[in-house]
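Dear colleague,

I am passing on the structure we spoke about, together with some notes on what turned up when I went through it. Please have it open while you read.

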Amino acid sequence: MSVTTASAAAASLAQVVRRHGARSDALIEVLHQVQEIHGYLPPEALREVATLMRLPLSRVYGVASFYHLFRLEPPTDHRCAVCLGTACFVRGAAQLAQRLETRLGVDLDDAAGNGTWALQHVSCLGACGQAPVVVVDGVLLTKLPVDRREELESQLDAAGIPRPPTV
Ligand code: FES
């Protein structure tokens, strides 16, 4: 995403809505394009969408908060995703998620994270044969040794996941 000034973003938003003719059934597509502009859905942009599309703000917020693909918080610089799908879960993904929460000082699925890192869960990354898996800034880590603490910590270190100051 390119850096966009507030006035340029507002003009782009108006263009997006104009392109869709303020049709209420186009709300998801409009929100998707607004997120492309800002990197997330800021409150002022949601208010503008509601005004331009003549929709209740509650409906716009409802749709934006219902779908996982929409972010209501600015994206953090670094992101980690832990797979909690069945194959990963039976190989210790829940413990792995807890360990990542502790290392990063974040709560799972809190989009704001610690301001620098955020941790989210995903349901399956299609790498079930290599479970458990984690994605760190777009890099897939596979077969993480959940039961071998030191080895796990080394692999998380190598992936650039910071340790908390007291560890
Ligand atoms: S369940 Fe984790 S990759 Fe499929």
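To begin with the helices, α2 passes α3 in a right-handed crossing; please bear in mind throughout that this is a predicted model. The two helices, of which α2 spans residues 27-38, pack at an angle of about 145 degrees, and their axes are 11 Å apart. On the α2 side the contact is made by Leu27, Val30, Leu31, Val34 and His38, which meet Ala45, Val49 and Met53 in α3. Seven of the residues in this contact are nonpolar and one is polar, while none is charged.

Helix α3, which covers residues 43-53, also contains Ala50. Is Ala50 buried or exposed, or does it fall in between? Burial would require 20 or more other C-beta atoms within 10 Å and exposure 12 or fewer, so Ala50, with 17 C-beta neighbours inside 10 Å, counts as partly exposed. Once its neighbours within four places in sequence are left aside, the contacts of Ala50 are with Leu55, Pro56, Leu57 and Val60.

As for the overall layout, the domain assignment divides the protein chain into domain 1 (6-66) and domain 2 (78-158), and the centres of these two domains, taken over C-alpha atoms, are separated by 32 Å. A single pair of residues gives another distance: Ala50 and Val146 are 96 residues apart along the chain, and 46 Å lie between their C-alpha atoms.

The largest nonpolar core comprises 20 residues, and those that touch the most other members are Cys80, Val82, Leu96, Leu100, Leu104, Leu119 and Val134. At least two residues of this core come from each of β1 (78-83), α6 (93-104) and β2 (117-122), and α6 gives the most, with five residues. For Val134, again leaving aside neighbours within four places in sequence, the contacts are Cys80, Ala81, Val82, Leu96, Leu141 and Leu144. Another core, of 14 residues, lies apart from this one and has Leu13, Val16, Ile37 and Ala64 among its members. As background, nonpolar side chains tend to be buried together in soluble globular proteins.

Finally, helix α7, made up of residues 149-158, is hardly covered, since the count of buried residues among its ten residues is one. After α7 comes Gly160, which has a positive phi, near 90 degrees.

With best regards

Note on methods:
Residues are numbered from 1 along each chain as its sequence is written. This is a predicted model: local features need pLDDT of at least 70, side-chain atom pairs count only at pLDDT 80 or more; totals for chains, interfaces and linings use all residues. Domain bounds come from an automatic or database domain assignment. A nonpolar core is a set of buried Ala, Val, Leu, Ile, Met, Phe, Trp, Tyr and Cys residues joined through C-beta atoms within 7 Å. Helices (H or I, at least four residues) and strands (E, at least two) are DSSP runs, numbered from the N terminus. Two residues are in contact if their C-beta atoms, placed from the backbone, lie within 7 Å. Axes are lines fitted to C-alpha atoms, for helices over the stretch in contact, and angles run from 0 to 180 degrees between N-to-C directions. A crossing is left-handed if the near helix is turned anticlockwise from the far one by less than a right angle, and right-handed if clockwise. Ala, Val, Leu, Ile, Met, Phe, Trp, Tyr, Cys and Pro count as nonpolar, Asp, Glu, Lys and Arg as charged, and the others, Gly among them, as polar.
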